[in-house]
Amino acid sequence: MFTPRRLVTVILRHCSWHTCYRTHSGVASKLSVHEALTQLDGSTRSIKIQGWVRSVRAQKDVLFMHVNDGSCLESLQIVAEPNLKNNAISFGSSVEVRGHIVKSLHKKQNVELKAEDIKVIGQCYSIDFPFKLKERHAPQYVRQFPHLRCRTNTFSSLLRIRSEATTAIQDFFKSNGYVHIHTPIITSNDCEGAGELFQVEAANREAETEDDSGFFAVPAFLTVSGQLHLEVMSGGFTHVYTFGPTFRAENSQSRRHLAEFYMVEAEISFTQSLEDIMQVMENLFKKTTTALLSQCPEDIDFFNKHVSPGQKDRLEQFLKKTFIIMSYTEAIEVLKNAGETFQYKCEWGCDLQTEHEKYLVKHCGNVPVFVINYPFDLKPFYTRDNEDGPQHTAAAVDLLVPGIGELFGGSLREERFHILKSRLDRLGLTDTYQWYLDLRKFGTVPHGGFGMGFERYLQCILGIENIKDVIPFPRFPYSCLL
């Protein structure tokens, strides 16, 4: 004979609903809008949804509302008796609705919620609300309201895609045996050597002595890359990666640059092949993008329809193709013979600019292109010397993609102690990077890695022109809202 407590336990084990006890006890089951839209099993149970009103229309005999909670692109239609109309219900207000899911007679939706009770949780003063019902607002206008733009269809879709992309990237590395490393945000290193650093100092801290050297006793900066810290870890793990914020104090208002952005970086030990690094880059791009096409079809289609028509077809086409490989020297020859006038010169030894990168991708049929073996003098101290001639090159690679230009940058790292020390001596960096030389003294291995700009990746797959529109809270010169 069961006690009441044991009876509840048995019901919980055998009922298909995770909210079983509440269902059987007559309390409304709370569902997300996404869950509610997929529920039509003939059940008479009462459900409850919570979200924000996307539209409201009161007729003589019926009240119609659409409510969305961010769980999916589609909103749930609410049908209610006119006596449930509340003057506080308006576009943007938050509500809690209780009722029953029924089959919809409307062709555009399978189900709707027949409301029995509507509670207004938070009023929205629609006259002052910057986004208006049935209006499509320009990105530059929406960008002025970072605290509200997640209420728009475009940005809520972007954030769901961004979340799924994060998961897909993590899944890729986990399934391939990589260890996730949390590299520091505060560092004493300038990995890129470009000097575009934000220095970190304690606010309102008075010097304790005249020669006080600051909070950390050495100059400290916000990181521009986690690469050097990954190289430390690659001395004990064969495959490591990090995924976190990086910072560049580049005074640029362009559509390509942010002061704070996210980087995906990986380091692979026991490899002397640039092709190995390139294969991981290509696999990461393709598998992450394939996952997004599978997991976010409605949101991807929304961007394809309203933001960048034809982008989905272009994306699917170059996912089927093997990425092209060309040397830097070949790339310069292509540019010289382009028959176009570029703003920046293109001769051997110059750094490729965005206009050059986009042309190279177009020249190759709008398929992603690996450019390898850059001039040695263009690359940072840690890049492996190819020891070739007469044109001296380094084992470095960039992956160029349609619409963006450079998306990935990678290289083999210089693991040979004497060559690395000689280069650091010439640059006057030996004392600063003595610890880096130590890595070459104590069990060094050939290794290499890459970094991918996460926001540029999202721009690439969605066809979004401005990088400020793919990150929740963009930071750029003269703008740090919130």
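Student: In what order do the eight strands of the open sheet stand?

Tutor: This is a predicted model, and in it the eight strands form an open sheet whose pairing is mixed. Reading across the sheet, the order is E7-E10-E11-E16-E15-E14-E13-E12.

Student: Which are the edge strands?

Tutor: An edge strand is recognised here by its pairing on one side only. That applies to two strands, which are E7 (179-180) and E12 (324-327).

Student: Which residue in E10 does His180 stand opposite?

Tutor: Strand E7 pairs with strand E10 (residues 239-247) in the parallel sense, over two bridges. Across this pairing, the residue of E10 that stands opposite His180 is Tyr241.

Student: At roughly what angle do the axes of helices H5 and H14 cross?

Tutor: Two packed helices are described by the angle between their axes and by the distance between those axes. For H5 (residues 153-175) and H14 (residues 454-462), the axes come within 11 Å, and their crossing is right-handed. The contact is made by residues including Leu158, Ile161 and Ile169 of H5 and Phe454, Tyr457 and Leu458 of H14. The angle at which the two axes cross is roughly 115°.

Student: Which helix gives the most to the largest nonpolar core?

Tutor: The largest nonpolar core has 56 residues, and Phe285 and Tyr457 are among those with the most contacts inside it. Phe285 touches Tyr457, and also residues including Phe318, Leu407 and Phe408. With nine residues, the helix that gives the most to this core is H7 (residues 274-295).

Terms used:
Residues numbered from 1 in each chain as written. Predicted model: local features only at pLDDT ≥ 70, side-chain atom pairs only at ≥ 80, totals over all residues. Heavy atoms only, no water. Axes fitted to C-alpha atoms, helices over the stretch in contact; angles between N-to-C directions. Helix = DSSP H or I, 4+ residues; strand = E, 2+ residues; numbered from the N terminus. Left-handed = near helix turned anticlockwise from the far one by under 90°. Contact = heavy atoms within 4.5 Å. Core = buried A, V, L, I, M, F, W, Y, C linked by side-chain atoms within 4.5 Å. Buried < 20%, exposed > 50% of the residue type's maximum accessible area, 1.4 Å probe, protein only. Pairing = 2+ DSSP bridges. Lists of a residue's contacts leave out its neighbours within four places in sequence.
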